[in-house]
There are 2 protein chains.
Amino acid sequence: MDTLETRELRYFVAVAEELHFGRAADRLGMAQPPLSRAIQQLERRLGVCLLERDRRGVQLTGAGQVLLREGRVALDATAAAARRTRRASLADSAGSPRERLVIGVKAAASHDLLQRLLAAYAAEPDAAEIEVLAGGFAEQEEMLRDGRADVALLLVPFNSLAGFDSEELQTEGRIAVLPAAHPLATRTALSMADISDIPDLPLARWPRHGTYAPGPGPEVHDHTQLAQLIALGRTVAVVPASARTWLWHDHAAVPLTDAAPVVTHIAWPPHSRSLALAALIRTATRLTSATASNR
Amino acid sequence: MDTLETRELRYFVAVAEELHFGRAADRLGMAQPPLSRAIQQLERRLGVCLLERDRRGVQLTGAGQVLLREGRVALDATAAAARRTRRASLADSAGSPRERLVIGVKAAASHDLLQRLLAAYAAEPDAAEIEVLAGGFAEQEEMLRDGRADVALLLVPFNSLAGFDSEELQTEGRIAVLPAAHPLATRTALSMADISDIPDLPLARWPRHGTYAPGPGPEVHDHTQLAQLIALGRTVAVVPASARTWLWHDHAAVPLTDAAPVVTHIAWPPHSRSLALAALIRTATRLTSATASNR
DNA sequence: TTCTGCGATACCCGGCAGGTATCACCCCAG
DNA sequence: CTGGGGTGATACCTGCCGGGTATCGCAGAA
């Protein structure tokens, strides 16, 4: 009947993520009792039990999981509405001298592709200004959804193209980055099996959705940190071939024969109506002469 | 900074669609002054001028157009969150005996395809219950976005696949539906030029986004109405070949040689996680042995 | 001119969002 | 067994703000 308020969604998502009313209230900058009450009201209004209060913390019901997922999407969409509106206002109040595009990229990934793209686009007659917004691992999708970015380079299979329009740009293999001093560093090719179970060189673990998979390797959240650990001989990493850009002198890169290839796509929100964006996409696809994948 | 409330979005969308505070307030079931104030607050909070108040009605600024488009998406997303949460709750409170899927279709379009699909799916071992939700012209996209439907049959180029995952199902040509008594009815094929400028038989006009394009032909919003007008010899229509299903006795259908083909896709929201949905899609693609188009 | 229709302003009121204090409960530590 | 700490829920208060009515200011049409 009545429509969900974004405030309620924000509250619920906070609680659902923390699974703890106190911490959630803290994160929201409010006291715990009003938060409890708000969630109760939400449950009553929806006629749905969202949380299993079970004396020791809180758990999501099935419906709660659905609302968490859908609620995030909805919150991102409203945030995007606000952000894009503000940007549109700047554009047409300033007489729209040059449109401004924000491209979201994974820091240090597809670096040379990005460089070539920016160079080629800058050479276009009426190119917009481009701001590069570098982010963490799967953050690019979120940037597109919540309006921080107008367009992004997404790496499949690390990112998902779900919900976006996209064009394929390039495919690359993966390499193992080893300490230069390691015996395997002299090989000309390796398989995943070769490197996945070396006792003295455990595979580094990256965060997936904020949490780390269990395993022996060190937890890294940063290329610099990873690079240093490899240089110190503590770990090995599997990365896209284009990561050669940031290798250090005491790193060795060896191609992997059996790792799934990494495909870079340029992706944008499905209802975009910007000429500058269209031009950028055209430039990108021409640059790589790839085939259309998704419209 | 602060986040948009859905109430504000609802208000703004109403005003932006009506371009009239009084009518918008009426539609929202409230008085006009609070609505004016709410919009002003919204503009101040965003720091953006959304409307050009110009004494004779209201007009959208560029930023306003952006907010209208993005706001609709956001509102649909929150509505979808509420609806899908409620349905999930029903499912897991009832012990999820059989999942229930809602499929959105354009009334009377792809009828035999739908029939074959439902039959084939019902024969699956653990088929969910399927509810068919028939709607108007481009309404299927909205149904997917706001959660009324879990999956839909979309007809390209009438519908857009933007923002959904989809698989191609079938391609068909188009036919001209004429009064059986009309001279052209005896032809075995026609071109668009043949029928687009017949003085006594103007092409019927369908609503696009709620409004009708200008033209001489009658305005129709309903297949029955259209069928009757054709039977009465007042108009001619161009429809997908599968529309033969609903032809009357005094209709004549003639294939068109140069009309763009109509492609039926099965489409679903990008983050769907339902096994029943996956099974339905698999059934559909097997049924038609078409190739994947969009993932 | 006056009349009419539009959005904006002024002012009031009630509800609800948010705060503090406290409770009820369970799990552990001792 | 008992008390303390940590959980979410309840009670109660208060100020803000969303919404209503009455009215204004302004432009265009009669």
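A residue counts as near a strand if one of its heavy atoms lies within 4 Å of it. Keep that in mind while we walk around this model, which is a predicted one. We'll start with the DNA, strand by strand, and then turn to the place where the protein chains touch each other.

**Around DNA strand D**

DNA strand D has 18 residues around it, and the nearest of them are A:His20, A:Arg53, B:Tyr11, B:Ala31 and B:Arg37. So which part of the strand does the protein come up against? Sugar and phosphate make up 64% of the strand D atoms that come within 4 Å of the protein.

Bases get a look-in too: the side chain of A:Gln32 puts an N or O atom 3.0 Å from a base nitrogen of DNA strand D. From the other chain, B:Arg7 has a polar side-chain atom 3.4 Å from a sugar or linking oxygen of the strand. As for where these neighbours sit, the elements giving two or more residues to the surface near strand D are helix H2 (21-28) and H3 of chain A, plus helix H1 (6-18) and helix H3 (32-46) of chain B. Sorted by class, that surface has 8 nonpolar, 6 polar and 4 charged residues.

**Around DNA strand C**

Now for DNA strand C, which is surrounded by 20 residues. The closest are A:Tyr11, A:Ala31, A:Arg37, B:Ser36 and B:Arg53. Of the strand C atoms within 4 Å of the protein, 65% belong to sugar and phosphate.

B:Phe21 joins in through its backbone, with an N or O atom 2.9 Å from a phosphate oxygen of strand C. Elements that supply two or more residues to the surface near this strand are H1 and H3 of chain A, together with helix H2 (21-28) and H3 of chain B. Which element gives the most here? That would be H3(B), with 5 residues. The surface near strand C splits into 8 nonpolar, 7 polar and 5 charged residues.

Here are some side chains with a polar atom by a phosphate oxygen.

| Residue | DNA strand | Distance to a phosphate oxygen |
|---|---|---|
| A:Tyr11 | strand C | 2.9 Å |
| A:Gln41 | strand C | 3.4 Å |
| A:Gln40 | strand D | 3.4 Å |

**Where chain A meets chain B**

Leaving the DNA aside, let's see how the two chains touch. In all, 45 residues of chain A are in contact with 46 residues of chain B. The size of an interface is often given as the accessible area lost when the parts come together. Here the area buried between chain A and chain B is about 3,500 Å², with carbon and sulfur atoms giving 58% of it. On the chain A side, A:Thr85, A:Arg86 and A:His271 lose the most area to chain B, and together they account for 16% of what that side buries.

What about charges? There are 4 salt bridges across the interface of chain A and chain B. In a salt bridge, the side chains of B:Glu5 and A:Arg10 meet at 3.8 Å, N to O. The count of residue pairs in polar contact between the two chains is 12.

Helix H1 (6-18), helix H3 (32-46), helix H4 (62-93) and strand E13 (292-294) of chain A each give two or more residues to the side that touches chain B. H4(A) has the largest share of that side, with 20 residues. By class, the chain A side has 19 nonpolar, 12 polar and 14 charged residues.

Conventions: Residues are numbered from 1 along each chain as its sequence is written. Chains are lettered from A and ligands numbered from 1 in the order in which they are written. This is a predicted model: local features need pLDDT of at least 70, side-chain atom pairs count only at pLDDT 80 or more; totals for chains, interfaces and linings use all residues. Side-chain values use heavy atoms; hydrogens and water are left out. Contact means heavy atoms within 4.5 Å. Buried area is the accessible area (1.4 Å probe) that two parts lose on being put together, summed over both. A polar contact is a pair of N or O atoms within 3.5 Å; within protein, one must be able to donate a hydrogen and the other to accept it, and residues adjacent in sequence count only if both atoms are side-chain atoms. Helices (H or I, at least four residues) and strands (E, at least two) are DSSP runs, numbered from the N terminus. Ala, Val, Leu, Ile, Met, Phe, Trp, Tyr, Cys and Pro count as nonpolar, Asp, Glu, Lys and Arg as charged, and the others, Gly among them, as polar.
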